[in-house]
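Visitor: I would like to go through this model residue by residue. Please keep the answers short and end each on the value or name I ask for.

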Amino acid sequence: MRIQSLPAIAAAAIVTLGVAAPTAAQELTVVSFGGSYQAGQSKALFQPAAAAMGIKVKEETYSGIADLRLKIRAGANTWDIVTSGSGSAARAGAEGILEKLDYKVIDVSSFTPGFYQDYCVGGDVFSTVLAWNTKTFGDKGPQSWADFWDVKKFPGKRSYRNAVAGALEPALMADGVPPNKVYETLSAPGGIERAIKKIKELKPHIAVWWSSGAQHAQLMKDGEVDMITGWNGRFDVVAKDGGKVAYTFNQGLLDYDCYAIAKGAPNKDLAMKFLAEISKPKYQAEFTKYITYGPTNKKAYELGTIDADYAKRLPSHPDNAARQLIIDLDWYIKNEAKAAAAYQNMLTE
């Protein structure tokens, strides 16, 4: 008769008694835009929520939804949750590369209306603003998109986004279209072409076409350009670090970042629960400490953890919101593909 070793007998006893060996913590892969923005997300949202749920979160960076599209088309997606701009998410959901969210799991009852959608739940409110180098212009920088286009009154190097999201609206306002008529104009025949024609006028003065928030922040930190379009919170981080940058909310584009689940995500159910967790007001209030983006969950303002004076610096504060144009997601769902193609043609001409 074969004599079993003591370890073997012990292992058999564990099985007999139904005692399971410890299992590895569940893991999600969450993707965002890098830089100070993702650093804040990691500290305020991703890692605290993971700890609260007893799971692990692996973080990666990407440049946007186009990266996810390529992965899904290749059948090689390993991502669970992606951070996205609202317009890109709306379009991605419509084309079928995001999972529909379950709002029985994710509680949005205290969200500001309009800051969540079928395929993406809002995480923070931000503004695309006009910023300038205070070493060049001091406190007398450009205050409108018409000023941004005025190379005689405000000479210097410009930087503009290399993607269409948030790029056409400023051009039309610079061309004299009132903010409340911008999307009506863009929807009319020739509207997109009018905006692109206006950007062409400025093209000789655009030194850098930026592709990410981290890049446009670095441009201002290094003083490489005199004025730029970009996201308000990124510029505040640069200013806090001693960078020579200021901006105005006047004619800004009020928008929100959101969280989506990739189509066929490896851990869809867990991802849904994770989105429910980071949508809670305590996380959103904490995130405002790292970057001047407003919460989408109104209860975040009621916790008493966001200073009243600081709240007035956030883009969703009523005084700031009143000076801005709210991004029209329906327009992007219907027109972004066509507009993006025309925009890229302009860039390569």
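Visitor: In which strand is Gln 117 found?
Guide: The model is a predicted one. In it, Gln 117 belongs to a strand covering residues 116–117. That strand is S4.

Visitor: Is Gln 117 buried or exposed, and what is its relative accessible area?
Guide: Buried status requires a relative accessible area under 20%. Gln 117 meets that cut-off and is therefore buried, with a value of 13%.

Visitor: Which backbone atom lies 3.3 Å from a polar atom of the side chain of Gln 117?
Guide: Leaving aside neighbours within four places in sequence, Gln 117 is in contact with residues including Ser 86, Ala 89, Ala 90 and Leu 329. Among these contacts are also Tyr 103, Tyr 256 and Cys 258. The atom at 3.3 Å from a polar atom of the Gln 117 side chain is the backbone nitrogen of Ala 90.

Visitor: At what angle do the axes of helix H4 and helix H16 cross?
Guide: H4 spans residues 86–95 and H16 spans residues 329–348. Ser 86, Gly 87, Ser 88, Ala 90, Arg 91 and Ala 94 make the contact from H4, and Leu 329, Tyr 332, Ile 333, Glu 336 and Ala 337 make it from H16. The crossing is right-handed. The axes come within 9 Å, and the angle is roughly 65°.

Visitor: How many charged residues does the contact of H4 with H16 have?
Guide: Arg 91 of H4 and Glu 336 of H16 are among the residues that make the contact. By class, the contact has six nonpolar and three polar residues, and the number of charged residues is two.

Visitor: Which residue forms a disulfide with Cys 120?
Guide: A disulfide here needs sulfur atoms within 2.5 Å. The count by this rule is one disulfide. The sulfur atoms of the pair are 2.1 Å apart, and the partner of Cys 120 is Cys 258.

Visitor: How many residues apart are Cys 120 and Cys 258?
Guide: The pair links distant parts of the chain. Cys 120 is in strand S5 (residues 120–133) and Cys 258 is in strand S9 (residues 245–261), which puts them 138 residues apart.

Visitor: What is the relative accessibility of Cys 120, and what is the relative accessible area of Cys 258?
Guide: The link of the two cysteines is right-handed, with 100° about the S-S bond. Cys 120 counts as buried because its relative accessibility is 0%. Cys 258 is buried too, and its relative accessible area is 0%.

Visitor: Which residue in strand S9 has a positive phi?
Guide: Most residues other than glycine have a negative phi. In strand S9 there is a buried residue with a relative accessible area of 17%. Its phi is near 65°, and the residue is Gln 251.

Visitor: How many of the eleven residues of helix H12 are buried?
Guide: Helix H12 covers residues 268–278. Its buried residues are Leu 270, Ala 271, Met 272, Phe 274, Leu 275, Ala 276, Glu 277 and Ile 278. The helix is largely enclosed by the rest of the structure because the number of buried residues is eight.

Visitor: Which residue of H12 is in contact with Phe 46?
Guide: Phe 46 is found in helix H2 (residues 35–53). It counts as buried because its relative accessibility is 0%. Leaving aside neighbours within four places in sequence, its contacts include Val 30, Val 57, Thr 83 and Tyr 259. Its contacts also include a buried residue of H12, Phe 274.

Visitor: Which residue has the backbone oxygen that the side chain of Asn 297 reaches?
Guide: Asn 297 is placed in the loop between helix H13 (281–287) and helix H14 (308–311). At 2% relative accessibility, Asn 297 counts as buried. Residues it touches include Ser 110, Phe 111, Lys 280 and Gln 284. The backbone oxygen reached by its side chain, at 3.0 Å, is that of Ser 279.

Notes: Residues are numbered from 1 along each chain as its sequence is written. This is a predicted model: local features need pLDDT of at least 70, side-chain atom pairs count only at pLDDT 80 or more; totals for chains, interfaces and linings use all residues. Side-chain values use heavy atoms; hydrogens and water are left out. Axes are lines fitted to C-alpha atoms, for helices over the stretch in contact, and angles run from 0 to 180 degrees between N-to-C directions. Helices (H or I, at least four residues) and strands (E, at least two) are DSSP runs, numbered from the N terminus. A crossing is left-handed if the near helix is turned anticlockwise from the far one by less than a right angle, and right-handed if clockwise. Contact means heavy atoms within 4.5 Å. Ala, Val, Leu, Ile, Met, Phe, Trp, Tyr, Cys and Pro count as nonpolar, Asp, Glu, Lys and Arg as charged, and the others, Gly among them, as polar. Buried means under 20% relative accessible area, exposed over 50%, partly exposed in between (1.4 Å probe, protein chains only). A polar contact is a pair of N or O atoms within 3.5 Å; within protein, one must be able to donate a hydrogen and the other to accept it, and residues adjacent in sequence count only if both atoms are side-chain atoms.
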